[in-house]
Amino acid sequence: MGDNELDLALVKRVQAGDNSAFDLLVRKYQHRIGAVVYRFVPDHAESQDIVQEAFIRAYRALANFRGDAQFYTWLYRIAVNTAKNHLVAAKRRPPTADVAAEDAEHHAGAGRLHDHDTPEHNLLREEIEQTVTDTVAALPEELRQAITLREVDGLSYEEIAQLMQCPIGTVRSRIFRAREAIDARLRPLMDNERVRP
């Protein structure tokens with residue numbers, strides 16, 4: 001049984017009145033959903049409250065879940081909406097750039113800089129992180145959303161295609177173009193680093 005089939009089986013058990021099946025779904029996805037919410041609300045206690053609220057909303061809406069989308073994709077949408085609603089209610093705007101600075105460190109090439117903790121290398125690392133953040137923020141909406149769902153949320157190409165309602169080939173193309181744009185902006189920084197004594 002595949003991952004999504006297992007989710008659907010648990011959903012059917014919840015819809016039939018078995019609440020322990022929902023506990024299993026919560027345990028399975030609470031960390032992934034927590035990471036999504038934390039991007040919007042980077043306060044641990046506050047983000048945990050929002051995660052709890054998102055799961056409560058999901059539980060209440062579960063009777064309407066028909067399995068058209070994968071369960072995680074459906075849950076992801078609820079979590080993002082809950083986080084955005086929380087920010088609006090608190091008079092704080094949702095972030096326009098979906099990639100936080102720390103996510104830049106996942107980019108290939110940035111990791112090796114952690115070996116040298118000198119002020120120069122710290123400065124270069126900050127420059128790389130800022131460059132990635134600025135580049136992603138400046139991307140067209142569909143490229144920005146695709147690269148964020150892939151690199152930050154860790155969604156599969158299939159899940160992204162469902163969320164963005166487009167063919168999987170389009171998703172691959174958008175992620176490729178986004179990575180090309182990031183690489184083009186990072187290359188001068190990395191070349192300068194290699195030239196230094």
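Start by selecting helix α7, residues 157-164. Helices here are DSSP runs of H or I with at least four residues, numbered from the N terminus. Six of the eight residues of α7 are buried, so this helix is largely enclosed by the rest of the structure. Buried means under 20% relative accessible area, exposed means over 50%, and partly exposed is in between (1.4 Å probe, protein chains only). Colour Y157, E159, I160, A161, L163 and M164 to see the buried residues of α7. Q165 follows α7 and has a positive phi, near 55°.

This is a predicted model, in which local features need pLDDT of at least 70 and side-chain atom pairs count only at pLDDT 80 or more, while totals for chains, interfaces and linings use all residues. Residues are numbered from 1 along each chain as its sequence is written, and side-chain values use heavy atoms, with hydrogens and water left out.

Stay with Y157 and add R172. The charged end of R172 sits over the ring of Y157, 4.3 Å from the ring centre. For this, NZ of Lys or CZ of Arg must be within 6 Å of the ring centre and within 35 degrees of the ring normal.

Next, select R174 in helix α8, residues 168-195. Which side chain of opposite charge is nearest to R174? It is E142, 5.2 Å away; R174 is buried yet has no salt bridge. A salt bridge needs a side-chain nitrogen of Lys or Arg within 4 Å of a carboxyl oxygen of Asp or Glu. Leaving aside neighbours within four places in sequence, R174 is in contact (heavy atoms within 4.5 Å) with E142, L143, A146, M164 and C166.

Now show Y29, F65, F71, Y72, W74 and Y76, which ring pairs link into a cluster. Rings of Phe, Tyr and Trp (its six-membered ring) pair if their centres lie within 6.5 Å; planes under 30 degrees apart count as stacked, over 60 as edge-to-face and the rest as tilted. The count comes to eight aromatic pairs. In one pair, F65 and W74, the ring centres are 5.0 Å apart and the planes are at 55°, so the pair is tilted. Both F65 and W74 are buried. Add R32, whose charged end sits over the ring of Y72, 3.9 Å from its centre.

Finish at S20 in helix α2, residues 19-40. Is S20 buried or partly exposed? At 39% relative accessibility, S20 counts as partly exposed. Measure from its C-alpha atom to that of L10, 10 residues apart along the chain: the separation is 9.2 Å.

Definitions and conventions. Helices (H or I, at least four residues) and strands (E, at least two) are DSSP runs, numbered from the N terminus. Lys and Arg count as positive and Asp and Glu as negative; His and the chain ends are not counted.
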